[in-house]
Amino acid sequence: MKKLSGLFVLLLALTACSAIEPIKVKGVVVDCEKIKVESGTGEPLECLGGGSAIAADAIRGPALINVWGTWCEPCKQELPHLAHFLAKYSDQVDMVGIAVEEKNQQSVRKFIKNYGISWPILYDATGATRGKFGMGVPVTWLVDESGAVVYKKYGPFKSTEEIELAAIKYLGVK
């Protein structure tokens with residue numbers, strides 16, 4: 001029984017060390033004026049924080065585009081990792097969210113504030129991004145300076161380190 005108890009304590013200690021602390025800040029609806037864009041061919045999406053509507057294919061990087069929904073549990077689980085990544089690399093990589101399949105903008109704004117989101121969010125009211133990003137969420141694309149998609153991640157990031165490694169490999173983040 002002592003061995004089992006000791007193993008349990010060790011396992012608990014190891015898993016506690018790997019857990020990420022949520023960023024305990026109130027989210028803010030951010031305008032989209034700082035997003036680097038060129039002309040795009042896709043349907044422009046409204047920015048929840050104000051500013052011009054932006055087509056997803058007009059975004060230039062280095063940028064991380066994360067497609068998510070307030071109703072999506074895996075999306076919620078990866079939010080702390082995205083926030084920690086942005087806190088560390090905001091001077092090198094832009095982050096843009098695209099909220100999809102939502103009831104209304106007000107519910108998304110409330111979610112942003114409650115979940116500590118601090119990056120610009122585009123609102124896809126019509127499902128225009130389905131053809132580009134697919135049906136499932138979360139989906140994250142890394143986009144280089146020319147607008148080329150250099151990495152696609154389907155499903156949630158499980159750690160900040162996973163995002164960092166992708167950004168280092170595909171965007172040249174240091």
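Let us start at the largest pocket of this predicted model, whose lining is made up, by class, of seven nonpolar, one polar and three charged residues. The residues along its wall are Val30, Asp31, Lys34, Ile35, Leu86, Asp94, Met95, Val96, Ser118, Trp119 and Pro120. If you want a landmark to find the pocket by, look for strand β3, residues 94–100, which gives the most to this lining, with three residues. The volume of the pocket is about 190 Å³.

One of those lining residues, Asp94, is worth a second look. The side chain of aspartate 94 meets that of lysine 36 in a salt bridge, with 2.8 Å from N to O. Lysine 36 sits in the loop between α1 and β1 while aspartate 94 belongs to strand β3, so this pair ties together parts that are 58 residues apart in sequence. How open are the two partners? Lysine 36 counts as partly exposed because its relative accessibility is 40%, and aspartate 94, at 22%, counts as partly exposed too.

The loop that holds lysine 36 also takes us to a disulfide. Cysteine 32 and cysteine 47 are joined there, with their sulfur atoms 2.0 Å apart. Cysteine 32 lies in the loop between α1 (2–18) and β1 (46–47), cysteine 47 lies in strand β1, and the pair links these distant parts of the chain across 15 residues. The torsion about the S-S bond is about 85°, so the disulfide is right-handed. Both cysteine 32 and cysteine 47 are buried.

How many disulfides does a search of the whole structure find? There are two, and the other pair to visit is cysteine 72 with cysteine 75, whose sulfur atoms are 2.4 Å apart. Here the S-S torsion is about 80°, so this disulfide is right-handed as well. Cysteine 72 has a relative accessible area of 4%, so it is buried; cysteine 75, at 4% relative accessibility, also counts as buried. Counting the bonded cysteines in sequence order, the pairing reads 1-2, 3-4.

From here we can step into helix α2, residues 73–89, where glutamate 73 and lysine 76 are three residues apart, so about one helical turn separates them. Their side chains meet in a salt bridge, at 3.1 Å from N to O. Glutamate 73 is partly exposed, with a relative accessibility of 45%, and lysine 76 is partly exposed at 22%.

Side chains of opposite charge can pair when their charged atoms come close. In the whole structure, a search finds six salt bridges. Another of them joins glutamate 162 and lysine 153, with 3.0 Å from N to O. Is each partner in this bridge buried or partly exposed? Glutamate 162 is partly exposed, with a relative accessible area of 25%, whereas lysine 153 is buried at 14%, since buried means under 20%.

Our last stop is an enclosed space. The structure holds one cavity of 30 Å³ or more, and about 60 Å³ of space lies in the largest cavity. Its lining is formed by Val67, Val100, Glu101, Asp124, Gly127, Thr129, Arg130, Gly134, Met135 and Val137. Sorted by class, that makes four nonpolar, three polar and three charged residues.

Definitions and conventions. Residues are numbered from 1 along each chain as its sequence is written. This is a predicted model: local features need pLDDT of at least 70, side-chain atom pairs count only at pLDDT 80 or more; totals for chains, interfaces and linings use all residues. Side-chain values use heavy atoms; hydrogens and water are left out. On a 1 Å grid over the protein atoms alone, a cavity is a set of points where a 1.4 Å probe fits but cannot get out, and a pocket is an open set with protein on both sides within 12 Å along at least five of seven lines; lining residues have an atom within 4 Å of a point. Grid points are joined across faces, edges and corners, and a volume is the space filled by probe spheres set on the points. Helices (H or I, at least four residues) and strands (E, at least two) are DSSP runs, numbered from the N terminus. Ala, Val, Leu, Ile, Met, Phe, Trp, Tyr, Cys and Pro count as nonpolar, Asp, Glu, Lys and Arg as charged, and the others, Gly among them, as polar. A disulfide is a pair of cysteine sulfur atoms within 2.5 Å. Buried means under 20% relative accessible area, exposed over 50%, partly exposed in between (1.4 Å probe, protein chains only). A salt bridge is a side-chain nitrogen of Lys or Arg within 4 Å of a carboxyl oxygen of Asp or Glu.
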